[in-house]
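Biologist: Before we discuss individual features, may I ask you to display the model and then justify the terms you apply to it?

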Amino acid sequence: MSTRRAARQRPMQDGRERPTNIVVLLREAYVALNDQAIARLAESGHTEVRPAHGSVFQHLDDTGTTVSGLAERAQMTKQAMAELVAHLEKHGYVERRPDPADRRAKLVVPTDRGREVLTIAQAAVPDVEHDAAFLRGERGRQQLAVLHDVAEGFVDGDFVCVAAAFGGAG
C-alpha cells in the first residue's frame, strides 16, 4: 500500500518557507507514517480511530496502564489523555478496570477491538520498510537501517546535543 501524500506547506519566515531541520523532518515522517496507519485502520473498519489516538495505543501496556501513566509516557496532560481514552472507550477499543495494585486507580486495558488496532498498525511496519527498499533499492534498505539506529540512539538517550553541553555550536 504505497500512497503518496501532498507535502504540507511549511511555516513562513522572513517571506520564505522556514528551513527544515532533522527534528522537523523526523516529525513530518512520523505524521506521514501515522496517516498511512490511520488509512489502513479505516479500510479495516476502524473509522473512529484518529491520529491523536496513537498517543494512547503507543503507550498502552497489554495488561493495562493508568491514564496518568499514559499521559506521562505521551508527554501530555492527564486531562487531554482522559479525553482520548474516553473516546476510545465509547467506541469499544479500551475499557477501564480496577487496578489490582491500587483499588483507587483504574487501568485502561485494550479490548479485542483495541488489540486488533494494534495488530493492524504493527503489521504496517514491514510494508513501510518494504516500500522504502522497493523505492530506493539496497541503498534504501541500508539508509533505513541507519535511520533506525540513529532514531533509537536519540530515544535511548545515547545522543545528546554536544554543542549545548559545551555552551555553543563550536
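Modeller: Please bear in mind that this is a predicted model. I begin with aspartate 14, which is exposed, with a relative accessible area of 70%.

Biologist: Why is aspartate 14 called exposed?

Modeller: The term requires a relative accessible area over 50%. Aspartate 14 has 70%, and is therefore exposed. Its place is the loop between strand 1 (12-13) and strand 2 (16-17). Although aspartate 14 is not a glycine, its phi is positive, at about 55°.

Biologist: What makes glutamine 75 exposed?

Modeller: The relative accessible area of glutamine 75 is 76%, which is over the cut-off of 50%, so the term applies. Glutamine 75 belongs to the loop that joins helix 3 (67-74) and helix 4 (78-90). Here too a residue that is not a glycine has a positive phi, about 55°.

Biologist: How do you know that helix 5 is not straight?

Modeller: Helix 5 runs over residues 112-156, 45 residues in total. At 1.5 Å a residue, a straight helix would reach 66 Å, but the end C-alpha atoms are only 31 Å apart. Helix 5 also has a kink of about 135°, centred on glycine 137. Just after helix 5, glycine 157 adopts a positive phi of about 80°.

Biologist: Against which elements do the buried residues of helix 5 pack?

Modeller: They pack against helix 1 (22-43), helix 2 (54-57) and strand 4 (102-110). Among these buried residues are Val117, Leu118, Ile120 and Asp131. They are called buried because each has a relative accessible area under 20%.

Note on methods
Residues are numbered from 1 along each chain as its sequence is written. This is a predicted model: local features need pLDDT of at least 70, side-chain atom pairs count only at pLDDT 80 or more; totals for chains, interfaces and linings use all residues. Side-chain values use heavy atoms; hydrogens and water are left out. Helices (H or I, at least four residues) and strands (E, at least two) are DSSP runs, numbered from the N terminus. The expected span of a helix is 1.5 Å times one less than its number of residues. The bend at a residue is the angle between axes fitted to the seven residues ending there and the seven starting there. Buried means under 20% relative accessible area, exposed over 50%, partly exposed in between (1.4 Å probe, protein chains only). Contact means heavy atoms within 4.5 Å.
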